[in-house]
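Hi,

Here is the structure I promised to pass on. Have a look first, and my notes follow below.

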Amino acid sequence: MRADVFVGLNVDHYPRQDFGAGEVVLNNGANTDRLLIVLKGRLADVGTGRTLGPGEVVKAIEFFGSSQYGGQLCGRAPGQVVVVPRAAVRDALNAQGSMTWNLACAISIETLASMKEHA
């Protein structure tokens, strides 16, 4: 998922987290109380090997549909993420339409349930 879907979310207002190659950016089981968006560099999902680059949202399905992130993300090279609190994401989506946040959560919960069925 790309960060540009969050119309009205100005990431300049939120803290950044720098990371180096091999450094853990998101631990398995971390609470989904914040959304991470890659600003610079690359992150690797340790479990899947998927790589995320600038403009990509970290584990959006889990952010919207679960209380904890699954898997660990590590830096592939030095970079930076922006850390956006859950309330700010909810406000940005609700500004797009009153049901947008609820719809994102419902789709994500259904996706996670479907993934468990096929596992």
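Cysteine 105 counts as buried because its relative accessible area is 14% (buried is under 20%, exposed over 50%, partly exposed in between, with a 1.4 Å probe and protein chains only). Cysteine 74 is buried too, at 13% relative accessibility. As for disulfides, the count is zero, taking a disulfide as a pair of cysteine sulfur atoms within 2.5 Å.

Before the rest, some housekeeping: this is a predicted model, where local features need pLDDT of at least 70 and side-chain atom pairs count only at pLDDT 80 or more, while totals for chains, interfaces and linings use all residues. Residues are numbered from 1 along each chain as its sequence is written, and side-chain values use heavy atoms, with hydrogens and water left out.

Now the rings. There are three aromatic pairs, meaning Phe, Tyr or Trp rings (the six-membered one for Trp) with centres within 6.5 Å; planes under 30 degrees apart are stacked, over 60 edge-to-face, and the rest tilted. Phe63, Phe64 and Trp101 are linked into a cluster by ring pairs. Within it, Phe63 and Phe64 meet edge-to-face, with 5.0 Å between centres and 80 degrees between planes, and both residues are buried.

Two arginines join in as well. Arg86 has its charged end over the ring of Phe63, 4.5 Å from the centre, and Arg90 does likewise over the ring of Trp101, at 5.3 Å. The rule here is NZ of Lys or CZ of Arg within 6 Å of the ring centre and within 35 degrees of the ring normal.

Then the largest pocket, with about 280 Å³ of space. Its lining has 13 residues, and the closest to the centre are Asp45, Arg50, Lys59, Ala60 and Glu62. (On a 1 Å grid over the protein atoms alone, a pocket is an open set of points where a 1.4 Å probe fits, with protein on both sides within 12 Å along at least five of seven lines; lining residues have an atom within 4 Å of a point.) By type, the lining splits into eight nonpolar, one polar and four charged residues. Helix 1 (60–65) and helix 3 (100–117) each supply at least two of them, and helix 1 gives the most, with three.

Last, Gly70 sits in the loop between helix 1 and strand 5 (73–85) (helices are DSSP runs of H or I with at least four residues, strands E runs of at least two, numbered from the N terminus). Gly70 is partly exposed, at 27% relative accessible area. Thr32 is 38 residues from Gly70 in sequence, yet their C-alpha atoms are 9.8 Å apart.

Cheers

Key
Points joined across faces, edges and corners; volume = space filled by probe spheres on them. Nonpolar A, V, L, I, M, F, W, Y, C, P; charged D, E, K, R; others polar.
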